[in-house]
Amino acid sequence: GDRRARRGMSTDAAADVAPPPSPDDDPRATSLGRVDARDDDDDPPDEIRDRLRHVQEACDATTVDAPFPTLDLSGSHHAGDAIERVTCFGDAVVRGLRTLRLEFALRLEDSHVAALAPSATLEDVNLNGAQSVGDDAVIAIARANPGLRDIGLYWNVRVTDDAIATLCASCPALRSINLSGCKRLTDASAKSLSKLRRVESLNLTRCAFTDDGLTAIVLSPGIADHLVSLNLYAAARYTSRAYRCVGVLSQLTFLDVCGSQEISDDAVAEIAEGCPLLEYLNMSWCNAVTDVGFVAVAEGCPRLRIMSAHGNRNVTSAFVDALARTGDGSLRTLDVCGCVGVAEDRRALRALLPSLHEDDRTAFVFHT
C-alpha cells in the first residue's frame, strides 16, 4: 500500500485504571483517586504517561463539576475501565465533551462508548481500529449528538448499514467520514451518505459499494457542492461508468483511485476536466490508463502537488512533457516508478520539473 494508508498504533505499554468506587460510597464525598500505570519494572513511555495524565485530569474535573472538552484513550489497553472511571458519577460529568478519541483502544465495549454519548456536545469522534465496538456505539453517539462533524470508523468490521443510516439521518452537520475497511457496508449505506449536504471528506477505501452506490454519492447535489477529498483506494468493483461521475465534484482537491483496473482514459479525462482544483491524485496501478488519460490530467489539473502513476506500463514521456508544459510549478512529488515508457531518469525529471522536492525519497517515491 502507499505511505498514506492508515496505520495502526504500535504502543506496547498501556493505561490501566482502578475500578470505579463502590455504589455504597457517597459520590459527593468520594475522590476518584489517582490513575496509575501498573508496570512493576519500567516507567511508561512518554506518550503513555501523557495519556495517563490526561485521564487523571478528566477524573479530577469530575470532582469539581468542571467540563473537560477532550477524552483521548487512543491505544489504551484498558479503555473501558477508564471510561467507567470517568463516568461513574453519572451523565453530568461528560457534558461539554467535544472530542472523543478511542483509536485502537482495547477492552472497549459498545456500552462504554454509549456512556459518553449523553454529552450531547460531541463534534469529533475517532473509533478508528476500535474493532470491539459496533452499531450500538455508533447509533448511541449519533442520536445524542446532532452536531457531530467528524467520525472515524476505519477498519470497523462490526458496523453495518443500520448504523450508517442512523448516523446520516441524525447528524446533518457531518463534515468528514472515514469508512475505510468497513466491509459490512452495502449500497444501502451509500444511499444514506448521499443524503448528507455538508460533507467535505469521504474515505471509502475497500468499501464494497457498486457503481450504483458510488454514483448515488457523487451525484448528490449537496456532496457535489462541498466534497474536497474522496478516497477510493483499493476499490476494485467500480467501472468507468461510476468514475466518469466523479468529474462532477468541482471542489475536489484530493482523489485516490489506486488499484482501479477498470478506470479508462475517457473517465480520467472527464475527471480532469471537471476537477481542475486537484492537488493530490493517486493513480498507482491504474493499468488501463494510457498517455491519453495522463496527458488530460496534466492539462486539466495544473495545481497538482502529488501525482502517482506508479506501476503503469502504458504511460510514456509524453505525460512528463505535458506536466512540464502545463503545470503551475506546484508539483512536489511525481512517482513514475515502474513506468517503463518514461525515458527520463531522476536528474532529467528534475530538469523538466524543478519544483520537485529536494529529497529524492519525497520527490519520486510515493507508492511503496
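**Packing around Asp187 and along a parallel sheet**

Colleague: Leaving aside neighbours within four places in sequence, which residues is Asp187 in contact with?
Modeller: The model is predicted, and Asp187 is placed in helix 6, which covers residues 187-193. Once its neighbours within four places in sequence are set aside, the contacts of Asp187 are with Phe209, Thr210, Asp212 and Gly213.

Colleague: Is Asp187 buried or exposed?
Modeller: The relative accessibility of Asp187 is 18%. The cut-off for a buried residue is under 20%. Asp187 therefore counts as buried.

Colleague: What distance separates the C-alpha atoms of Asp187 and Asp161?
Modeller: Along the chain, Asp187 and Asp161 are 26 residues apart. In space, their C-alpha atoms are separated by 8.5 Å.

Colleague: In what order do the strands of the open sheet run?
Modeller: The protein chain has 14 helices and 11 strands. An open sheet is formed by 11 strands with parallel pairing. Neighbouring strands in this sheet are turned against each other by 5 degrees on average, direction ignored. The strand order is 1-2-3-4-5-6-7-8-9-10-11.

Colleague: Which strands stand at the edges of the sheet?
Modeller: The sheet is open, with its 11 strands paired in parallel. An edge strand here has a single partner strand, so one of its sides is left without a neighbour in the sheet. The strands in that position are strand 1 (70-72) and strand 11 (333-335).

Colleague: Which residue of strand 6 stands opposite Ile177?
Modeller: Strand 5, residues 176-178, pairs with strand 6 in the parallel sense over 3 bridges. In strand 6, the residue opposite Ile177 is Leu202.

Colleague: How many residues of helix 11 are buried?
Modeller: Helix 11 spans residues 291-300. Its buried residues are Asp291, Gly293, Phe294, Val295, Ala296, Val297 and Ala298. These pack against helix 10 (265-274), strand 9 (280-282), strand 10 (306-308) and helix 12 (317-326). Helix 11 is largely enclosed by the rest of the structure, because the number buried, out of 10 residues, is 7.

Colleague: At what angle do helix 10 and helix 11 pack, and how far apart are their axes?
Modeller: Helix 10 and helix 11 are roughly parallel to each other. The contact joins Asp265, Val268, Ala269 and Ala272 of helix 10 to Val292, Gly293, Ala296, Val297 and Gly300 of helix 11. By class, this contact has 6 nonpolar, 2 polar and 1 charged residues. The angle is about 5 degrees, and the axes are 8 Å apart.

Colleague: How many nonpolar, polar and charged residues does the contact of helix 11 with helix 12 have?
Modeller: The axes of helix 11 and helix 12 cross at roughly 10 degrees and come within 8 Å. That angle makes helix 11 roughly parallel to helix 12. Asp291, Phe294, Val295, Ala298 and Glu299 of helix 11 meet Ala318, Phe319, Ala322, Leu323, Arg325 and Thr326 of helix 12. By class, the contact has 7 nonpolar, 1 polar and 3 charged residues.

Colleague: Which residues of helix 5 make the contact with helix 4?
Modeller: Helix 4 (residues 135-144) packs on helix 5 (residues 161-170) at an angle of about 10 degrees, with the axes 9 Å apart. Helix 4 is thus roughly parallel to helix 5. From helix 4, the contact takes in Asp135, Val138, Ile139, Ala142 and Arg143, and from helix 5, Asp162, Ala163, Thr166, Leu167 and Ser170.

Colleague: How many residues does the largest nonpolar core have?
Modeller: Of the 368 residues of the protein chain, 52% count as buried. Among the residues with the most contacts inside the largest nonpolar core are Leu179, Met283 and Met307. Beyond its neighbours within four places in sequence, Met307 has contacts that include Leu281, Met283, Phe294, Val297 and Leu334. The number of residues in this core is 102.

Colleague: What is the phi of Phe104?
Modeller: Most residues other than glycine have a negative phi. Phe104 lies in the loop between strand 2 (99-101) and helix 3 (110-116), and is partly exposed, with a relative accessible area of 21%. Its phi is positive, near 55 degrees.

Colleague: What is the phi of Arg206?
Modeller: Arg206 is found in the loop between strand 6 (201-203) and helix 7 (211-218). Its relative accessible area of 41% makes Arg206 partly exposed. Arg206, a residue other than glycine, has a positive phi near 60 degrees.

Key. Residues are numbered from 1 along each chain as its sequence is written. This is a predicted model: local features need pLDDT of at least 70, side-chain atom pairs count only at pLDDT 80 or more; totals for chains, interfaces and linings use all residues. Side-chain values use heavy atoms; hydrogens and water are left out. Axes are lines fitted to C-alpha atoms, for helices over the stretch in contact, and angles run from 0 to 180 degrees between N-to-C directions. Helices (H or I, at least four residues) and strands (E, at least two) are DSSP runs, numbered from the N terminus. Angles under 35 degrees count as roughly parallel, over 145 as roughly antiparallel, 65 to 115 as roughly perpendicular and the rest as oblique. Contact means heavy atoms within 4.5 Å. Buried means under 20% relative accessible area, exposed over 50%, partly exposed in between (1.4 Å probe, protein chains only). A nonpolar core is a set of buried Ala, Val, Leu, Ile, Met, Phe, Trp, Tyr and Cys residues joined through side-chain atoms within 4.5 Å. Two strands pair if DSSP finds at least two bridges between them. Ala, Val, Leu, Ile, Met, Phe, Trp, Tyr, Cys and Pro count as nonpolar, Asp, Glu, Lys and Arg as charged, and the others, Gly among them, as polar.
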